[in-house]
Amino acid sequence: MGIKNILLVIAFGLTTIQLFAQADSLKVSAKYYSSYQLGLMFNCIACESNNRLNISTLMLHGVSLNDKHVIAIGIGREAYGGLVSRPLIFHLERYYKGFTGQYGFVIDTGTAFIKTQQEEWGWFGQLERGRAFVFHPQFIFTSGERNAKIQIAAGYKFVRADLMYNNWGMPTWVDMDLSRFTFNVGLRIN
Amino acid sequence: MKVVKFYSNEKAREIAKALGFVLSILLLSILFKSCTADKCTVTNTYMYYSPVETSLTTIRTSVIVEPAREIESAGRIYFKDDYLFINEPGEGIHIIDNRIPESPVKLNFLKIPGNYDLAIRGPFLYTDSYMDLLTFDVSDVRNIRLVNREENVLRADVFMGFTVDQARNMVITYKQEQQVEISENDCSAFLESWGGRFWGGGIIMLDFAANPQSANLNISPGGNSTGVGGSMARFTIVDKYLYMLNGSGIETAVLDNPVKPEIVHKLSVGWGLETVFPYQDKIFIGSTTGMHIISLQNPASPTHLSTYQHFFACDPVVVEGKYAYVTLRTGTNCRMANLNVLEVIDISNVLDPRLVKSYPMHNPHGLGIDDGILFLCDGDAGLKIFDAKDPLRIDKNVLARYPDINAYDVIPLNNVLMMIGKGGLYQYSYSDPNNVRQISHIRFNN
C-alpha cells in the first residue's frame, strides 16, 4: 500500500468521522432501504498506462434510520480485467440536509472474494484463493421527491487483495493494491 | 401553458454542488494519477534445476551390491519369481524376498547411479544407468553380478533428466532446488486476460523419469520367463525383445544373446511418452497427450497403429480383453489439464480406439487389472477396487474402498495385491475381492 494511498484513505476516513460526528442527535424512524448501483471504476484517465476502465454493480438492502442516516449490507460484482471481485459490503450513509437536501457522504467497506475470469492456466498459474478488503468512500447525490430516487455518486475505491496462485504445484502469493476513482448511478428505494 | 418547475433555485444549487463533487473526482483522477497506480507485490516460489556434474568414470565404477537399507522413495517395482525389485529413482534397486508375502524380507540394495527402470527375463535383469544399459545376473539374488554394460545406447537429453558432455567425460544431472523471489509490478500480469506460463529462472524440465510418484504399475504379461512390472517404467520385455521408451520413441533391443542386448530398431512416436504396457501382440504407450497402440507383429520392428488423444495429463494405461483403462490426473507435471478421471477405451478396433465411458476420480495414479477386477490408486482418496466386467457400470460396481491410505501404484498378481503408497509397500490378499485384507507392510522413510 503506497504512502499516497494511505494518505488518501486517512483523509477520507477523517472527513467521514467528522461528518458523522456532526450528525444531529439520532431520531430513529426506520424504513426499509435498498439501492441498485451500476458504476465505472477507472485509473488515471489521462495516462498512457494504468488507464483501466472497469464496471461494478452493487445491490444494497438495509434501513434508513431517519432522514439522514442509512445502514445497509449488500453484495456486488466488480471486474478488474482478468479478475472478478464479489464484495460483501457494509454501507453507511450520512446526509446533510435530509433526503430532500440530497447530498451526503457514504462509506462502503467489506470483504471480497476474488476469482479469475480465465478458469484454466494463467500467467502465474491457477488462482486457488483470493480474498480482499474493500474501502470505498463516496460523495453521493440523490434526486427525486418520492420513495424511489435516482442517485449518483463519486468516490475512491481501495482494494487490498491477497491472492494465492498454484504455479505447477508451487505457491505464488500476490499482495495486490488496487485503487480506482469511481462514478456510480443507481436507483434507491426508501 | 403551465411550465412545470421541477426544482427550486435552491435545489438547483444543490445539484450544482453535487455535480461539482463529481467533477472534482474526475479532476482528482488526473491530478493524482499516481494515487491510482495499481501495485502488486509478488512472492513467487518456483523450482529450478541446477546442474550437477559427475564423471563417467565415477558413475561406471559405482555399481555395487550393498546390504539392505531403508527405502527413501519408490519408483518402479517389478515382481519375478517371488522376489520384489523396487527401484529407488536415480539410486538403484532394492531386492526383497517375497516368498512369504506375509513377511517380506529386505535382502540387499543394488546401487546403480542414474537408475530408473528395470525389466527381467530369465536370470537376467536389464536396467539403465543414465545412458548405459546394464545386464545383471540375478539367478542368485544374494550374489548379483554385473555381466554386461552397453555404453551410450540410451538417450541422453534434458527430457530424460540428464545430459552427457562427452568431451569432458561428464554426466550432467539436474538437482531440484527451490527459490523464493519477491518482486513488484503494476499488476498487469494478473489483471489482463491472457494465458501463459511464468518459468522463472534456471532450467525447467518435465522430468517424468525422475518423479518417484509417477510410477504406475500393472501386470506385464511378457511371457513365462519375464516378471510383472510397472507400465510407467519405460522398459518392458515381450518374448526375446526389450522395448525401451526414450521420451519420444521406442528403442527395440533383441535378447538373442541375453547377456548383451542389441538395439535393432528405433521408432519415433511423439513427445511425452511415459508408460508402456504389453498385451498380446501389441504394446500400449501412455503419453501426456494420448494412448498410442503399437503393433508387434514384427517384434523386431514395431509399427504405430493408432493414437487415442486426450488433454495434456499423466496417463498410465492397462489393458484386458477389448478394453484399455486409462487414468488421467492432475499432478505436478500434468497441470495443463484440470481433470482426474478413469477412462475406458474400446480397443476392439485397434486402428480406431474409442472412448466408452469416463468416470470422475479424485487423483488417480497407478492401476492394475486382474480377471475383471480393477485396482485403482486414487491418491489421497486411497485404493479403490471395482468389478470392471461391465465397463459402463464400473462406478456402480465398487467392491471395496480403502480411503485411509495414500496409494499410487499396484501390482495385482495371484490374489496378492502389491501396492506402493506414501506409507510404504503394502500387500493385500484379494482372494475374496469383497474382503481384501492387509497381509504385510514395509515402511518407507518418505
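# Reading a hairpin, its sheet and a surface patch

Modeller: Let's start at a turn: B:Gly247 takes a positive phi near 100° in the hairpin of strand 14 and strand 15 of chain B, which has 3 residues between the strands. Strands here are DSSP runs of E with at least two residues, helices are runs of H or I with at least four, and both are numbered from the N terminus.

Biologist: Before we go on, what kind of model is this?

Modeller: This is a predicted model, where local features need pLDDT of at least 70 and side-chain atom pairs count only at pLDDT 80 or more, while totals for chains, interfaces and linings use all residues. Residues are numbered from 1 along each chain as its sequence is written, chains are lettered from A and ligands numbered from 1 in the order in which they are written, and side-chain values use heavy atoms, leaving out hydrogens and water.

Biologist: OK, how many bridges join strand 14 of chain B to strand 15 of chain B?

Modeller: The general idea is that strands of a sheet pair through backbone hydrogen bonds, either parallel or antiparallel. To count as a pair, two strands need at least two bridges found by DSSP. In this hairpin, strand 14 (residues 241-245) and strand 15 run antiparallel with 5 bridges, and B:Tyr243 stands opposite B:Thr252. On to strand 16: strand 15 (residues 249-254) is joined to it by 6 bridges, again antiparallel. There B:Ile250 faces B:Leu267, and B:Gly249 faces B:Ser268.

Biologist: Which strands stand at the edges of that sheet?

Modeller: The open sheet has 4 strands in the order 13-14-15-16, with antiparallel pairing. Strand 13 (235-238) and strand 16 (262-268) of chain B are the edges: each has a single partner strand, so one side of each is left without a neighbour in the sheet. On average, neighbouring strands are turned by 25° against each other, direction ignored; the axes behind such angles are lines fitted to C-alpha atoms, for helices over the stretch in contact, with angles from 0 to 180 degrees between N-to-C directions.

Biologist: Which residues point one way from strand 15 of chain B, and which the other way?

Modeller: In a regular strand the side chains alternate between the two faces of the sheet. Here B:Gly249, B:Glu251 and B:Ala253 go one way, B:Ile250, B:Thr252 and B:Val254 the other, and all are buried. Buried means under 20% relative accessible area, exposed means over 50%, and partly exposed is in between (1.4 Å probe, protein chains only). With 6 of its 6 residues buried, strand 15 is largely enclosed by the rest of the structure.

Biologist: Over to chain A: is A:Arg180 buried or exposed?

Modeller: A:Arg180 has 1% relative accessibility, so it counts as buried. This residue lies in strand 8 of chain A, and its side chain makes a polar contact of 2.6 Å with that of B:Asp38. A polar contact is a pair of N or O atoms within 3.5 Å; within protein, one must be able to donate a hydrogen and the other to accept it, and residues adjacent in sequence count only if both atoms are side-chain atoms.

Biologist: And where is A:Leu187?

Modeller: In strand 8 of chain A too, but A:Leu187 is partly exposed, at 36% relative accessible area.
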